[in-house]
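Me: I would like to learn how to read a few features of this model with care. Could you take me through them one at a time?

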Amino acid sequence: MGKIPPSFRSAIANIRNPSSSSSHILPPQTQPHHFPRKKPSNSPTKSKKPQKPEPTTPPPSLFKSPNLSDAKTLFDSILKSYQPSSLDFRFHNNLLHSYASISSLQDSTAFLRHIINSSRNSFSPDHSTFHILLSQACKSNDLSSLAPVHQVLNLMVSSGVSPDKATTDVAVRSLCSQGRLEEAVELVKEMSAKHNSVPDTYTLNFLVKNLCKCRTLSTVYSFMDEMRSRFGVKPDLVTYTILIDNVCNTKNLREAMRLVSTLNEEGFKPDCFLYNTIMKGFCMLSRGSEAIEVYNKMKDEGVEPDRITYNTLILGLSKSGRVKEAKKMLRVMADKGFLPDEVTYTTLMNGMCREGHALGALELLKEMEVKGCSPNACTYNTLLHGLFKARLLDKAFEFYEMMKSGGMKLETASYATMVRVLCREGRVADAYEVFDYAVESKSLTDVSAYTTLESTLKWLRKAKEQGLAV
Amino acid sequence: MLPQRMKKAITDNPKKLANLIDLVNLPSTLRDFVGQSQISRLGCFMHVWSYIKTNNLQDSNNKNVVNCDEKLRSILLGKPQVELTELPALIKLHFPKEPK
């Protein structure tokens, strides 16, 4: 969206330079605004003027002190050494940006005034200029109020540049990056009401996502309702996906299903990604049959499943103890032309190990390697866990040595299982050795490695006293 | 699963973690062994265990048993042989709960 392919950039720069004062060419460039920090690094490559690479390339180190008068002097000296007509508006923005990164908001505002005054003809501030100041205002130390933000917005309006969608977006993202969610919500409402710059769905979704993380669901709903009823900003499929993912993660599947039906009422058609999200929700609760239902529904609706769909399904089936069907799914997947990846195999191995069929999982490892899919640390840990759980000590120890020689880290679960099984089998010295490796390879913190060992040994002594263990 | 439970136990009970990693002033016997005047229970365990390993004190027939040398005996209740199983518990004896 709005991204200009690199090959076009120089062309656009060419067009733009002659009429650098017109700010209305900007909209195609609005998306990059969302990340105003990137500008200085992007622009040197974009600017096609070979004769002045010096001032544009080193902006980060250009301003050494946050002192305003120093900055002004520096700017004037730059201006003197180049013809004003050879500088495009992005040059000024870069200067402002690099100065803003070290100075206070007041100073950078004054600096902007200075730029405008001293290069009257060649530069007039546009959206992106003010966005630099805006994001600085949002990140300013004054965390208690939105006053600096208002200040910039007022300046913007009085300079004849009216805030638009991108302005809202810049402000929201900068505020959220500082964890000022309440203020962001407040500002969005205010800007929609006052400046008539209604947020687009990207901004809305960004806010919804952040709200979901740390607010109650009802807060999110009321925010969305307000946005819709007051400003006509409607949620889209992505918004619903965010919400569904969120309620699924809190195991609230009833709400998820309600959301799905609302979604249908609103005329959205769930896509593959959304189905995957719902399926994941079911799988997390080990409800394999519901996951299958979703899969079937998906096929009925004519949505093509992707690799993630199959991985999720295999996870769901493995977790609910239906490994046979999971294996079948692996075949279906291959038939559809999706190569199983390490996640697929690891999930399936996990399922097999759950059934105590660790040797079968080991076979699967071979098959996986034959097919050219390289296992990751998680795969090995799953197998290690499985082998120890199945009390196949020789094989398990062999496998452990192999992992050790590869310098692989142990996961908490597999480490705990190893220690427990080894102690149970009366091989305390080996358990100590595993403890050493866990500490040495920094798989776990010393504390957690030790607590596991200590409590296992304590349990072992108790069991011995009661005559339950060797 | 054990690890989760343990994690919870630790976060629920910061005191337990504290008595594992807080530095403690050592009694003279332990001070001679460790060579420091302060150490945590975890550090002490690590020290003893690495002492056992470097001096090859594990019984060659049964690795689970440690044959104590003079020095080790002085801190482990004077026992000639100690099982690895009881090592943490024996070390814990030097770190009594602080009276309130």
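**Loops, helices and repeats**

Reply: Let us begin with a loop: A:Arg391 sits in the loop between helix H23 (377–389) and helix H24 (393–405) of chain A. Please keep in mind throughout that this is a predicted model.

Me: What is the phi of A:Arg391 near, and is A:Arg391 buried, partly exposed or exposed?

Reply: The phi of A:Arg391 is near 60°, which is a positive value in a residue other than glycine. As for its surroundings, A:Arg391 has a relative accessible area of 41% and is partly exposed.

Me: Which loop of chain B holds B:Asn56, and what is the phi there?

Reply: B:Asn56 lies in the loop between helix H4 (41–54) and strand S3 (65–67) of chain B, and although B:Asn56 is not a glycine, its phi is positive, at about 50°. With a relative accessibility of 66%, B:Asn56 counts as exposed, the cut-off for that class being over 50%.

Me: How should I read a pair of packed helices, and what are the values for H9(A) and H10(A)?

Reply: Two packed helices are described by the angle between their axes and by the distance between those axes. In chain A, the axes of helix H9 (residues 127–138) and helix H10 (residues 147–158) come within 8 Å and cross at roughly 165°. H9(A) is therefore roughly antiparallel to H10(A), and the crossing in which H9(A) passes H10(A) is right-handed.

Me: Which residues make the contact between H9(A) and H10(A), and how do they divide into nonpolar, polar and charged?

Reply: From H9(A) come A:His127, A:Phe130, A:His131, A:Leu133, A:Leu134, A:Ala137 and A:Cys138, and they meet A:Pro148, A:Val149, A:Val152, A:Leu153, A:Leu155 and A:Met156 of H10(A). The residues of this contact divide into eleven nonpolar, two polar and no charged.

Me: What does chain A look like as a whole, in its helices and strands and in the share of its residues that count as buried?

Reply: Chain A has 27 helices and zero strands, and 52% of its 470 residues count as buried. Among its contacts between residues at least 6 apart in sequence, 67% join residues at least 24 apart.

Me: Which residues of chain A does the UniProt annotation "repeat: PPR" cover, and how far apart are the end C-alpha atoms of residues 236–270?

Reply: According to the unreviewed UniProt entry, the annotation covers residues 164–198, 236–270, 271–305, 306–340, 341–375, 376–410 and 411–445 of chain A. The end C-alpha atoms of residues 236–270 lie 11 Å apart, in a span that is 74% helix and 0% strand; for residues 306–340 of chain A the end C-alpha atoms lie 11 Å apart, and that span is 74% helix and 0% strand.

Methods. Residues are numbered from 1 along each chain as its sequence is written. Chains are lettered from A and ligands numbered from 1 in the order in which they are written. This is a predicted model: local features need pLDDT of at least 70, side-chain atom pairs count only at pLDDT 80 or more; totals for chains, interfaces and linings use all residues. Side-chain values use heavy atoms; hydrogens and water are left out. UniProt positions are given in the numbering used here, feature names are shortened, and annotations may be inferred rather than shown by experiment. Helices (H or I, at least four residues) and strands (E, at least two) are DSSP runs, numbered from the N terminus. Axes are lines fitted to C-alpha atoms, for helices over the stretch in contact, and angles run from 0 to 180 degrees between N-to-C directions. Angles under 35 degrees count as roughly parallel, over 145 as roughly antiparallel, 65 to 115 as roughly perpendicular and the rest as oblique. A crossing is left-handed if the near helix is turned anticlockwise from the far one by less than a right angle, and right-handed if clockwise. Contact means heavy atoms within 4.5 Å. Ala, Val, Leu, Ile, Met, Phe, Trp, Tyr, Cys and Pro count as nonpolar, Asp, Glu, Lys and Arg as charged, and the others, Gly among them, as polar. Buried means under 20% relative accessible area, exposed over 50%, partly exposed in between (1.4 Å probe, protein chains only).
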